[in-house]
Amino acid sequence: MIDTSKYIKVINPSDLDDIINSKVISFDIESCNADIYDKSNRILSISFSCIEGESKVVIIRDNNIELLSKVKNILENVATTKVVAARPFDESIVKEKLGIEVKGNIIDVLTMAHVIDENYTINLENVANKYTSLKNIKEVAEGKRDSLKDAEDGLLVRYNGVDSDATLRCFNALKNRYDKRLKRYYQYFVQPVQNMLSEISTNGCYINKEVLKSNELELLILQDKYEKETLSFIPEEIKEKYKSNLKLTRSIILSEYLFIHEKGLKLKPQMFTGKTKKPSLDEKHLKCFSKVPFIKSLLKYRKVGKLLKPYIFRLWESIKKDGCIYPNILLICTVTGRTVILNPSIQTYPKRGEFAKYIRQAIETTEGWLFGTRDLAQSELRIMGWLANDPTILKALKDKIDLHIKTAESLGITRQEAKAINFGFIYAQSAKGFKIYAKNEYDIDFSMEESENYRDTFFNTYPRLLPYHSKLISETRKNGYSESPLGRRRHLPDIKLGLDGRRLGKEEFMKRISAERQAINSPIQSFSSDLGLIAMMLFNKEIKERGLSEHIKILWFIHDDIMFRAKKEYIIEAHEILRDCLSTKAPEYIKKYFDITVGYPIESEGKVGKNWSEMKSISI
DNA sequence: GGGGCCAGGTTTTACG
DNA sequence: CGTAAAACCT
């Protein structure tokens, strides 16, 4: 049982004196819901801890002015370090609902935990269970959490109190687990980037609802048309059999019509699903029969449906009262340090194909503003060439020869094919993997021998890649984790399977070679992402220092692409600043704080546009 | 003895 | 309710 006897409701401002006098405090907010920009949402209480096992909980819904001013003093005191769980929620909601700007160093214990071990679900309860003696903190809610709004003070105090207590205990436990290298990664990468992400989280992006509505209507009409058209091909016998729930999304109906039923198409399946070995129904396989009118129609129906449900309908849900979206950028989510964007999940928005414009047109700037994007040119290939010290890649970069063209020339294939080969082989794809890949992507049948030849030619062209792969694998085996140049770690226990000489079963063997490829990919992918984020952080800093905060607003980062909006008259300047942050300031920062010289030219390409559908390249 | 979709994600739907 | 498959992104 959790001892909640020292979680105390604050009555007088003086009850908070120990908090205001502490160097390190934790705090936690309870609100009606998780949506900061929801007008009906409000803060219920705020809890502080400065000693493990104790919490001071201020009930905000009582609206005690005297207490609120004390809370403001605490949160705005630059001299105290504030520890929270899950930035930037607490600081953002305090700013939005109470107008209080949290100042001083803000540290997120969930981030601290993720940097130590990226392989498990991060939430306060898990972290507390793993690192502290405070177990199962959800217990204090007595199994109910949905009605905190009307909960009696006692429950609110316990519920809120345990969170700030757990947060403080996690902080104390986790800081002892940081060695020098992790500390450096945290201090000079994680912390400043998280501060930047918190700052830009309030830079909304306008959505043109008229455009969205009319595109949606157009798609709904198309969807209806394709559905009727597709269904009309299916014979009555099959329709009758499934009449209780006749839908084109049901695999059983499609399979029966395509492959099985006497009155159906009787097609011979060529590709099968991974786990269950059923005839595949995905686009790739269906395209093998692209002459069949039913399949053409079905694929269109699917495309339109895909655009409507996850993209257009979900986008509506993300638009706030002011007509803007405020996407949530997560820094601690993926095992390699790539960011994830949610609400809406814009990093998956279609970019190519005839339907992409239906969603991207609605993401539009307001009058007088323009979007700018800048993406890192061939980021991961360049990083691989640098870290492997591969003479061919480094020379091509020096001579400004496109790396995909270089591969295309060496292997006697097109640039597009070379692109796929580059991305496959730099992360140690096998000849057999390549054979399957070439079949899937280009419908080219290579013999095993031809595939092996391509692989051999590739690695002869870039001779330092294989030795570098071996080095990464052996280092990861030794340490149990791979490490990026800046010090981000990826724990890969499976890489040690079979090293004791034990014969491995197929499954275990697959786990091991998968871990080996991950060991090769992780440091590269991680560094690429970190570099972009450092540049973004420096861009943000530069914007503030030049007094341009009202004219340039950073929006988000999609793996190698930074997106911002700027007033028309500042768009050129914004691009110039960001370009310099990427190619010059970021490597300077990395040299200064990590003592690493980035050994390849960092180049980026800029685009500008009124909406996200029609972005045009610019020569800056 | 050889095995093998390059890696990292989100969201939706159907199904047992 | 968890898993698999599908479709979208870098």
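Visitor: Which atom of G505 lies 3.3 Å from a base nitrogen of DNA strand B?

Guide: A polar contact is a pair of N or O atoms within 3.5 Å; within protein, one must be able to donate a hydrogen and the other to accept it, and residues adjacent in sequence count only if both atoms are side-chain atoms. In this structure, a backbone N or O atom of G505 lies 3.3 Å from that base nitrogen of DNA strand B. A side-chain N or O atom of K506 is 2.8 Å from a phosphate oxygen of DNA strand B. This is a predicted model, in which local features need pLDDT of at least 70, side-chain atom pairs count only at pLDDT 80 or more, and totals for chains, interfaces and linings use all residues. Residues are numbered from 1 along each chain as its sequence is written, chains are lettered from A and ligands numbered from 1 in the order in which they are written, and side-chain values use heavy atoms, with hydrogens and water left out.

Visitor: How many residues surround DNA strand B?

Guide: A residue is near a strand if one of its heavy atoms lies within 4 Å of it. Here 37 residues surround DNA strand B, R490 and R503 being among the closest.

Visitor: How should one read the salt bridge between K130 and D117?

Guide: Side chains of opposite charge can pair when their charged atoms come close. A salt bridge is a side-chain nitrogen of Lys or Arg within 4 Å of a carboxyl oxygen of Asp or Glu. The N to O distance between K130 and D117 is 2.8 Å, and the pair ties together parts that are 13 residues apart in sequence. The whole structure holds 38 salt bridges.

Notes: Helices (H or I, at least four residues) and strands (E, at least two) are DSSP runs, numbered from the N terminus.
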